[in-house]
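This briefing looks at how the chain is built overall and then at how its helices are placed. Please keep the sequence and the model in view while reading.

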Amino acid sequence: MLNYNNQGNWPNGFGKMQSPIDLSIDEQNQYKEFLPISVDEFYQLNNEIDDGTTIRLTGMGNATVFNREFNFKQIHFHTPAEHTVNGEAAPFEIHLVHQNAIGQTVVVALLVQIGNADASLQEIINNFVPNEETDVSINLTEWIPNLANGFHYAGSLTTPPLTENVEWIVITNSPMTVSQNQVDWFVKQFGNNNRQCQAINNRKIEYYENK
Ligand SMILES: [Zn+2]
């Protein structure tokens with residue numbers, strides 16, 4: 001199992017475009033509009049698996065991201081958040097992994113704050129069976145906001161093989177919240193499973209906010 005307390009020993013061969021990173025607004029790359037992302041076909045989760053370090057669910061759905069069509073592949077969770085904003089980590093981060101017909105990967109990340117318990121997340125918690133894979137039927141209709149603010153940059157997977165050329169959309173105005181009990185459940189089950197922030201190097205970090 002992946003050891004988050006010994007990240008220096010993860011298999012590497014890293015390049016200079018690793019994720020996660022600490023995000024902040026660069027005025028040269030600030031766009032006064034919403035992130036160009038929309039969900040065209042709501043996500044239907046049909047399989048839930050304990051992968052040892054988090055819960056991963058696979059399913060179907062479609063999104064348009066920067067005018068390109070992507071298929072939803074899988075969703076999983078990190079506590080606390082992996083991406084930080086001005087050095088601050090949200091308590092919870094959701095990764096929605098997408099792929100298109102020519103094999104490009106986009107991860108839509110939601111930085112989630114503490115608030116009301118989310119009903120779909122509770123369903124995921126209730127369906128969880130340790131060390132097992134289970135069939136589920138969960139609709140995610142409202143997790144990705146229609147009017148999303150946040151960051152866009154080029155990075156990597158945050159777990160081995162840490163493959164690069166992954167496009168990241170990190171949404172900072174998620175209306176979906178989780179309760180402290182839900183976060184505590186994940187920490188109790190999996191411990192902290194956030195990779196440390198990596199060097200930004202020469203990457204361009206775009207920020208989108210309609211104001
Ligand atoms: Zn992840």
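Helices and strands are taken here as DSSP runs, of at least four residues for a helix (H or I) and at least two for a strand (E), and they are numbered from the N terminus. On that basis the chain, which is a predicted model, has two helices and 13 strands.

**Overall form**
- The chain has a radius of gyration of 16 Å, which agrees with the value near 17 Å for a compact globule of 211 residues, and its C-alpha atoms fill a box of roughly 45 × 40 × 35 Å along the principal axes.
- Buried residues account for 49% of the 211 residues.
- Of the contacts between residues at least 6 apart in sequence, 68% join residues at least 24 apart.

**The helix pair**
- Helix α1 (residues 119-127) and helix α2 (residues 180-190) have axes that come within 11 Å and cross at roughly 35 degrees, and the crossing is left-handed.
- The contact is formed by L121, Q122 and I125 from α1 together with Q182, W185 and F186 from α2; by class, four of these residues are nonpolar, two are polar and none is charged.

**The two sides of α2**
- Q182, V183, F186 and F190 are the buried residues of α2, and they line one face of the helix because, seen down its axis, they fall within an arc of 100 degrees.
- The cover over these buried residues includes β3 (37-50), β4 (55-65), β5 (68-78), β8 (92-99) and α1.
- The face of α2 turned away from the buried side carries the exposed residues N181 and K188.
- G191, which follows α2, has a positive phi, near 70 degrees.

Terms used:
Residues numbered from 1 in each chain as written. Predicted model: local features only at pLDDT ≥ 70, side-chain atom pairs only at ≥ 80, totals over all residues. Heavy atoms only, no water. Axes fitted to C-alpha atoms, helices over the stretch in contact; angles between N-to-C directions. Left-handed = near helix turned anticlockwise from the far one by under 90°. Contact = heavy atoms within 4.5 Å. Nonpolar A, V, L, I, M, F, W, Y, C, P; charged D, E, K, R; others polar. Buried < 20%, exposed > 50% of the residue type's maximum accessible area, 1.4 Å probe, protein only. Arc of directions from axis to C-beta. Rg over C-alpha atoms; globule rule 2.2 N^0.38 Å.
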